[in-house]
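Biologist: Got a minute to walk me through this one? I'd like to start with how the helices pack.

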Amino acid sequence: MSQDPYDLLGVDRDADTDTIKKAYRKLARQYHPDVNPDPASQERFKEVSRAYEVLSDPQKRAAYDRGGDPFAGAAGFGQGAGFSFTDIMDAFFGGGAAAQSGRGPRSRVRRGQDALIRIDVELAEAAFGVTRELKVDTAVVCGTCAGSGASPGTQPVTCETCHGVGEVAHVQRSFLGEVRTLRPCAACRGFGTIIPDPCRECSGDGRVRSRRTLTVKIPAGVDTGTRVQLADQGEVGPGGGPAGDLYVEINVLPHDTFSRRGDDLHCTVTVPMTAAALGTTLSLPTLEADVVSGQDSGVETSFELEVKPGTQSGAEHVLRGRGVPGLRGGRGDLVAHIVVETPTRLDPRQEELLQELAAIRGEEQPTGQVKASQKSVFGRLRDAFNQH
Ligand SMILES: [Zn+2]
Ligand SMILES: [Zn+2]
């Protein structure tokens, strides 16, 4: 194959600029990598482009005609100031050749986004797990076009603006020469193809919004802020792309009796002054009472709390293993905090009895015991609740 640029372009020695340009355009269209991706055509395309680079530049053409090297003095092939191999192609095709840029058009098919929904659950549901029916509103694959975005029976066609490359070059002249930048093709939004007849159902997006009902198993031990991941149940991607994940974020509602701190449950038990002094036994519910009816065998829905004679306000009773199950096994404790209640309204008889008791105990004129202040059990408990 001759390397003579005139032969390569098939023009006469005295051909004018216009003739050279037309000849190159014709050949370039024929051998452009987008049209003819085979290696021989690509090689030919480079040759004719190089020939055009010489003949379209008066200085290089003159150098060649004199028998010299048309690229002498330039930084190298394709690096001539303000004039490069890719510039030539862009001038004709309005886009970087895929073979050169290596980027190519972007796919219409992309992975969908993750979706997040928040649900309220009762404390017992969070502790022991629950199965919920959830209504979720996400994008699903369009049933009419199966995600392609094209009306049934039609196909996307190659974008004429960028010839399927998805990018167009913008060349700006500056004192440095020509500055060339690639931008996504506006005509096809970078896809390289255009859907001439978009699906009416999804307007060409390949997906539609749909409300579904999902059954979600909330595991035992979740807490406020825990996210349960449901793989592939999020938004379907554009062009029928794979779905993202769905996250169900838990919000645990406040409970009438129990406060939760980590895996422990705390409750406050108020006992009358007399019971605290004399001792008693109380029957208190466990968290299981919320979810299990009394007839179910084997599950303790209550426990016996022994208040020993002389119990003080602030005393704690810890029931091991009756708190909240941990997500990774184990189970927290149930902690009952005793509050001794002082009677407020005394009838004459009660007052008489208490005064008699005070006299017997030598407590008619108590001095009170003054000690350095220390953080009380209640202070710690209050802090714990406030943290939560
Ligand atoms: Zn559709
Ligand atoms: Zn385009």
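Modeller: Sure. Helices α3 and α4 are roughly perpendicular to each other (that label covers 65 to 115 degrees). This is a predicted model, where local features need pLDDT of at least 70, side-chain atom pairs count only at pLDDT 80 or more, and totals for chains, interfaces and linings use all residues. Residues are numbered from 1 along each chain as written, chains are lettered from A and ligands numbered from 1 in written order, and side-chain values use heavy atoms, leaving out hydrogens and water.

Biologist: What's the angle between α3 and α4, and how far apart are their axes?

Modeller: About 100°, with the axes 6 Å apart; α3 is residues 39-55 and α4 is residues 58-65. The axes are lines fitted to C-alpha atoms over the stretch in contact, and angles run from 0 to 180 degrees between N-to-C directions. Helices here are DSSP runs of H or I, at least four residues, and strands are E runs of at least two, numbered from the N terminus.

Biologist: Which residues of α3 and α4 meet?

Modeller: Glu53, Val54 and Leu55 from α3 meet Lys60, Arg61 and Tyr64 from α4, with contact meaning heavy atoms within 4.5 Å.

Biologist: Switching topic: what coordinates the zinc ion (ligand 1)?

Modeller: The SG atoms of Cys142, Cys145, Cys199 and Cys202, at 2.3 Å. Donors are N, O and S atoms within 2.8 Å of the metal (3.2 Å for Na, K and Ca), and water isn't among the atoms, so sites may look incomplete.

Biologist: Are Cys142 and Cys202 buried or exposed?

Modeller: Both Cys142 and Cys202 are buried, as in under 20% relative accessible area, with a 1.4 Å probe and protein chains only.

Biologist: And how much of the protein chain counts as buried?

Modeller: 37% of its 388 residues.

How values were computed. Buried < 20%, exposed > 50% of the residue type's maximum accessible area, 1.4 Å probe, protein only. Parallel < 35°, antiparallel > 145°, perpendicular 65-115°, else oblique.
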